[in-house]
Amino acid sequence: MRPDALVATSWYESSARERLAELLDPGSFTEIIPPTERCISPHLAGFDLPSAFDDGIVIGSGRLEGNRVLVAAQESSFLGGTFGEVHGAKMIGLLRAAAGSSGVSAVLLLLDTGGVRLQEANAGEIAVGQAIVALLEARAAGVPVLALIGGRAGCFGGGGLIAGSCSAVVISEQGRLGVSGPEVIETNRGVEEFDARDRPLVWRITGGRTRRLLGIADAYVEDTIDAFRTAANRLLADAPPLDLPVLLAEHETLAQRLAIFGDCRDAPEIWQLLHLLTAVQDVSDAAFEKMVAGLQAPRDGPAALAVASQPVVLSEMLGVAFDWRHQVTIDTDGVILGNAHPPSGVPMAIVGLAKGLPLGAAAALRLSAAVQSVMQSAPSQPILVLVDTEGQTMSRGEELLGLSQAIAHLAKTIVLARLSGHRVIALLYGKAVAAAFIALGLVAETALALPKADPAVMNLAAIARVTKLPLAHLESMSQTTPVFAPGLGPMLRLGAISEIIGPDINLATRLGEIFATPGKLVANVALPGADLARRVQAEASRE
Amino acid sequence: METIDICHSGLKPLPGRKPWALVGVVASGNLEVLLEREEGDRCYVHIETSVPGFATVWRAVVEDFVTRAAPGGLRILINDCGARPDTVSLRLLQGARLMEDAP
């Protein structure tokens with residue numbers, strides 16, 4: 001706090017603690033699980049890495065213009081602000097407290113993260129899914145949640161999905177938002193697809209101004225803590241609720257964006273379609289805000305999202321017995337849509353992604369539309385989500401148009417379906433990777449798996465490259481700790497998967513039993529960090 | 001990782017009443033210092049560092065800090081990620097200064 005300072009404090013240059021101290025009313029911040037508790041990661045020592053006393057996230061309660069708010073601020077200098085077990089549990093507990101306690105007017109998430117922490121990949125991935133569910137429960141309970149993005153790490157991976165789940169996003173020019181970071185895309189697709197060392201390109205694709213122009217961020221601010229506070233106050237005044245009409249309107253917006261800008265590969269193509277005459281990166285913050293205010297969003301006809309599809313027989317596709325009558329189709333993007341009818345009782349809706357194909361915005365929107373249509377036409381109908389996907393699509397064009405928001409839209413739809421009384425269960429039967437695994441599998445009530453399922457955040461060879469640890473060392477570690485090793489076994493041990501459907505079981509019959517007994521599958525599951533999340537929730541509710 | 005424990009006793013109590021303070025972050029070339037008050041006249045420092053082999057330097061930096069700050073009744077925990085001695089020295093003094101503030 002430096003009210004007499006001549007130069008306003010930069011958000012980008014500040015630490016998580018400095019941001020909180022100046023964002024909230026002076027002296028109002030009370031930390032939950034402060035550093036004196038030494039609540040450190042139990043896993044980093046095994047990788048010969050130093051821990052931080054707050055595990056890279058500062059949480060607590062405070063006041064914003066006199067109103068009580070809960071806050072979480074990620075410290076990107078510590079391991080890129082990544083989600084580990086403790087880090088995630090702190091955010092989850094805080095968000096759960098927001099949903100459950102009266103007197104909380106809002107939650108502010110000061111996101112500054114590269115996504116999931118690879119050394120604790122499984123725990124981090126599960127935590128992001130749980131955080132999204134808790135966040136949406138808070139919003140459904142009438143507590144708005146804001147994402148404030150303008151730090152060094154930007155907001156990527158699972159962080160991008162969390163931002164996309166928020167009531168509104170505030171971003172600065174320095175802020176970046178997406179799912180796959182430029183380095184990840186370059187590693188996977190080559191430098192021709194995305195040159196991560198081309199900084200102007202990185203900012204044109206993922207930076208604050210592009211995000212604001214496309215409506216992925218709701219406010220654009222200059223890089224000062226003061227500006228973030230002003231924008232947060234303004235957005236909280238009319239934050240949208242979380243309900244089906246809001247989701248349907250968002251769906252229309254995203255479909256329009258895809259129809260109009262779908263072929264764009266760089267920001268100048270978007271400027272042209274928006275009839276902006278000056279290069280967007282050359283104007284001042286104030287001039288840019290005026291530019292956004294004067295925008296006339298181009299409108300196109302109804303977006304043509306449908307692609308060719310053909311019927312499939314589930315028992316053939318999954319390789320297990322499935323004796324219910326069903327009509328299921330699969331399209332060229334691998335999107336599965338349909339339903340199955342038990343001998344008696346309500347039919348089950350089926351959505352999903354097949355053939356290990358990646359999840360892009362168009363597929364995410366088709367899947368969301370299918371679930372939204374079930375919510376409109378068949379209240380309380382159970383929904384089965386089939387998962388065989390290599391993860392989110394890694395491309396510059398998808399990132400430019402805000403793939404994080406499209407995947408978050410799908411996650412939101414699935415969670416809102418659950419909150420509206422639909423049972424939603426995922427079935428992993430092939431690959432299940434990264435953001436697509438979160439949005440399809442980890443925000444469902446629980447996940448089942450066939451023995452051939454192979455969930456992963458990243459394979460061990462890639463983890464070895466990033467963590468600079470010998471592969472043999474990681475392989476031996478993965479025998480003793482399930483927290484980062486890919487595969488079905490670790491995810492089962494961590495509780496992300498509650499049951500493996502063996503070859504002697506008829507899948508349809510088992511699903512019928514599961515849908516008939518609410519909550520039974522998850523009753524005995526203890527996810528990583530569950531105790532800490534409960535403690536945070538209790539303390540945040542008590543304040 | 002290497003762990004180093006250093007203890008100086010018979011020190012004048014550090015002024016102020018703030019129960020704890022945290023300075024710095026665990027980032028490359030930086031460190032996090034958690035200072036807490038405790039009974040008695042000693043200054044106990046516990047260091048966990050990612051760069052092994054520098055115990056002598058750590059002892060010298062802490063001794064210098066003890067001479068300059070009179071940090072009696074302090075328990076100091078350090079998570080180090082390869083900070084240089086001058087950075088360590090700066091953080092220790094910064095932390096002691098913060099502890100002298102009102103609670």
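In chain B of this predicted model, S2(B) and S3(B) pair in the antiparallel sense, and four bridges join them. The two strands form a hairpin with six residues between them, and within the turn B:Gly24 adopts a positive phi of about 80 degrees. Across this pairing, B:Trp20 has B:Glu36 of S3(B) as its bridge partner. Both strands also belong to the elements through which chain B touches chain A, since S2 (20-23) and S3 (30-37) each supply at least two residues of that side.

**Chain B as a whole**

- Chain B contains two helices and five strands, and along the sequence these elements follow the pattern β-β-β-β-α-β-α.
- The radius of gyration of chain B is 13 Å, close to the 13 Å that the globule rule gives for 103 residues, so chain B is as compact as a globular protein of that length.
- Taken along the principal axes, the box filled by the C-alpha atoms of chain B is roughly 35 × 25 × 20 Å.
- Of the 103 residues in chain B, 34% are buried.
- When contacts in chain B between residues at least 6 apart in sequence are considered, 88% of them join residues at least 24 apart.

**The contact between chain B and chain A**

- Chain B contributes 15 residues to the contact, and chain A contributes 13 residues.
- On the side of chain B that touches chain A, at least two residues come from each of strand S2 (20-23), strand S3 (30-37) and strand S5 (74-81) of chain B.
- The largest share of that side, four residues, is supplied by S3(B), the strand that also pairs with S2(B) in the hairpin.
- By class, the residues of the side of chain B that touches chain A are eight nonpolar, three polar and four charged.

**The sheet of chain A**

- In chain A, seven strands form an open sheet in the order S1-S2-S3-S4-S5-S6-S7, and their pairing is mixed.
- Strand S1 (30-32) and strand S7 (219-221) of chain A are the edge strands, each of which pairs on one side only.
- Neighbouring strands of this sheet are turned against each other by 25 degrees on average, with direction ignored.
- The edge strand S7(A) pairs in the parallel sense with strand S6 (residues 168-172) of chain A over three bridges, and here A:Ile171 has A:Tyr220 of S7(A) as its bridge partner.
- Helix H1 (residues 16-23) of chain A packs on the sheet, where it touches strand S2 (57-64), strand S3 (67-74) and strand S4 (106-111) of chain A, and the direction of H1 makes about 165 degrees with that of S3(A).

**The two domains of chain A**

- The domain assignment of chain A gives domain 1 as 16-241 + 277-300 + 534-542, and domain 2 as 309-526.
- The centres of these two domains of chain A, taken over C-alpha atoms, are separated by 26 Å.
- Domain 1 of chain A brings 41 residues to the contact between the domains, and domain 2 of chain A brings 40 residues.
- On the side of domain 1 that touches domain 2, the elements of chain A that give two or more residues are helix H3 (121-140), helix H4 (158-165), helix H5 (182-189) and helix H6 (199-206).
- H3(A) gives the most to this side of domain 1, with twelve residues.
- The side of domain 1 that touches domain 2 consists of 21 nonpolar, 14 polar and six charged residues.

Conventions. Residues numbered from 1 in each chain as written. Chains lettered and ligands numbered in written order. Predicted model: local features only at pLDDT ≥ 70, side-chain atom pairs only at ≥ 80, totals over all residues. Contact = placed C-beta atoms within 7 Å. Nonpolar A, V, L, I, M, F, W, Y, C, P; charged D, E, K, R; others polar. Pairing = 2+ DSSP bridges. Domains from an automatic or database assignment. Rg over C-alpha atoms; globule rule 2.2 N^0.38 Å. Buried ≥ 20, exposed ≤ 12 C-beta atoms within 10 Å, placed from the backbone. Axes fitted to C-alpha atoms, helices over the stretch in contact; angles between N-to-C directions.
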